[in-house]
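Student: I would like a close look at the salt bridges in this model, with attention to where the charged partners sit and how far each of them is exposed. Could you take me through that part carefully?

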Amino acid sequence: MPFARLASNIRLAAAAVLFATLTIASWAQEPPATPTPQNTPEARPLPVLNYSQPVSHFPNPIGPYTARHLAPPNLANTARIDSLMHDGKLYLSLNDAIALALENNLDVAISRYNLNIADTDVLRAKAGASILGVNAGVVLNTPGGGVGVIGANSGASTGGTSLGAGGAGAGTNGLVSSTLGFGSLITSFDPIITGTLQSDHFHILSSSTFSPASPQNTTTGNFAYNQGFVWGTNLSVGFNNTRTTLGDAPFTTLSPQLNSNFRFQLTQHLLQGFGLGANTRFIRIAKNNRELSDVAFRLQLTDSLDQIENIYWDLVFNYENARVQNESLAFAQKTLSDVKKQVEIGSLAPIEVVRAQSTVAQDQQLVTAAQTNLQLEQLLMKNALSRSLKDPMLATAEVIPTSTMDLPPEEPVVPTEDLINEALRHRAELVESRIDLNSRGLSNKAVRNALLPTLDAYAYYGGYGLGGTQNPSNLCANQPVAEQSAGFCAGPNASGQTFIPAAPTVGYGGTLNQLINSTAPDKGLGIQLNIPLRNRAAQAVQIRSELEYQQAEMRLAQIENQVQVEVRNAQFTVQQNRASVDSARAAVELGRQSLDAEQKKFQFGTSTTTLVLQYESQMATAESTLVNAMVAYEKARIELDRATGTLLDHNGISIDDAARGQVTRLPNAPYVTPRKDLPSAAQPAPQAATPQPPQ
């Protein structure tokens, strides 16, 4: 058979096998989800991609082998921030601040990547590979504000620090690893095709009379298909082909000679590696981790929202404090002017001017401190609500808070046990710990299975085919007469006798037909046993996994205790700060009436400027104390909502909007009302009435 024709047949057969295999493999894959466009406030569609789905071979056969290119990170601020700019100032309500934080805050943006990262782990686990894990920590790299006690296991690393049930540990040579995911080896669930196409030219040196020197040309075309299944079964199919041509081989019957064989084998794990539990542990843990990433993102939103609201109320306090200090300075300057006039007409001693000037200087120092503190809080607020401060207009803009505190007339009384039960149901840290406990339970089953010896049952079926053309150098007619009588040649000799008939010509098609019609079958079955004596490594992993599981249970109980303490402490703080607000209001009323009375005495000449300025200073201090008490009360309410795990719900936060980074529904923060002392041009658009949180 000509070499070119044989090579062409091999290529056609290889193409047919490859096409059929890819078709079967693609049926086992799930098609990628179609991106769902979302309408944003800027009317730009934002696709939501699911990276847990693979790229199919169809319609693009090389799709799975082509890298996916992601869009670069968007470091531009959303258009919402421009809509709040008026006359070079950023007029910001609490609801606007929350919406901007969900869209632009870099802590939230960094944490948002963990959702897609967890999807890739699911995709990896579906292929039978080990998982890489997800970041379950909270990113809190935005300066300002603050969060609660276990408001997050915060980490400065990219994506947050992933803490285990027993906390992070550092061993002698680095981080201590966990037994989570240990178990028997898993064969790839993705089909693997291997192939070899080779052309070999070899010159054989003579080593005996029966093996003369001869050139040998060998063409090889081998293909194999391997795949594992979730119940512990491995499938392997091999298909091998060779074509060999010998230049001078009088004792070889066929040249060229065609050899083809195939083998279909199934192997089933009977002890170690048997069943769904051992072989799907990575898939189940990856899905748990995907759920864990959702919970961790909710925790990130909770802590970031806590921080943003605290920064906002710090801004409100500094804004009000600057106003109070400016009013106090204006009053002191007016008093100084009045005192100078009275000194000029001789009704007051000159020392009164010196006293008034000293008060003005003190108030000027307080105004400077209040203004710089306000500028710092404005900077912290802009940094928390933007991805970049490179815009000169935003960098230099003043931030004017347009929301103020709206305290309920009476403090709602909620039983402590109800708050604790609500916290135990909603706190993300508890959900994370329970998910981790479930994953460790799945891993423990696989670790116990890995203690068993390896016992595999296998069965196989194959076939062999032989073809080719009679070797010309083996024909008696082509050999010397003296050698023909030896009887090693084929065909009739010089005497007309035939000791070995000439081989019939069998093409490549006939060779393949022999594989099917059982001309030369190869079949069998058997078992393979592997018993590790002493088995110490597996024992160590198994007992360690049990210890880590119990450690995780203890950690869950500890978090439950901490949550109860946090709820009680937050409730006590709300009660204390409400009492502080009532006390500060009474002090402001007393200071106002005392100042009015002292001013009237001064007008009638029965008081001094020193006393008037003292009462005015006390009045300013009382007003600042009241603002501080009200801000502390608002922070205490925020902390109580965080401690009970209801902060996002009470503020009307949409998790879907936060995951997309585009807010379509404005949040509704409780206990907030618009300011009434803003210029008319700066009044924000009216918003829906803010509902009170359920009691």
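Tutor: A residue is called buried here when its relative accessible area is under 20%, exposed when that value is over 50%, and partly exposed in between. The model is a predicted one, and a salt bridge in it requires a side-chain nitrogen of Lys or Arg within 4 Å of a carboxyl oxygen of Asp or Glu. By that rule the count comes to 25 salt bridges.

Let us begin with helix α10, which spans residues 428-450 and holds both D436 and R440, four residues apart, or about one turn of the helix. These two residues form a salt bridge in which the closest N and O atoms are 3.1 Å apart. R440 has a relative accessibility of 9% and therefore counts as buried, and D436, with a relative accessible area of 18%, is buried too, because that value is under 20%.

Helix α6, residues 281-344, offers another pair, since R323 and E320 are three residues apart in it and so are separated by about one helical turn. Their side chains meet in a salt bridge with an N to O distance of 2.8 Å. Here the acidic partner, E320, is buried at a relative accessible area of 9%, whereas R323, at 31% relative accessibility, counts as partly exposed.

In helix α7, residues 351-384, E352 and R355 are likewise three residues apart, and about one helical turn separates them. The salt bridge between their side chains has an N to O distance of 3.0 Å. E352 is buried, with a relative accessible area of 9%, while R355 is partly exposed, its relative accessible area being 41%.

Beyond these pairs there is also a linked group to consider: D306, R427, E429, E566, E639 and R642 are joined in a network of salt bridges. If you wish to follow that network in the structure, D306 lies within the residue range 281-344 of helix α6, and E429 lies within the range 428-450 of helix α10.

To set the helical pairs side by side, D436 is buried at 18% and R440 is buried at 9%; in the α6 pair, E320 is buried and R323 is partly exposed; and in the α7 pair, E352 is buried and R355 is partly exposed.

Notes:
Residues are numbered from 1 along each chain as its sequence is written. This is a predicted model: local features need pLDDT of at least 70, side-chain atom pairs count only at pLDDT 80 or more; totals for chains, interfaces and linings use all residues. Side-chain values use heavy atoms; hydrogens and water are left out. Helices (H or I, at least four residues) and strands (E, at least two) are DSSP runs, numbered from the N terminus. Buried means under 20% relative accessible area, exposed over 50%, partly exposed in between (1.4 Å probe, protein chains only).
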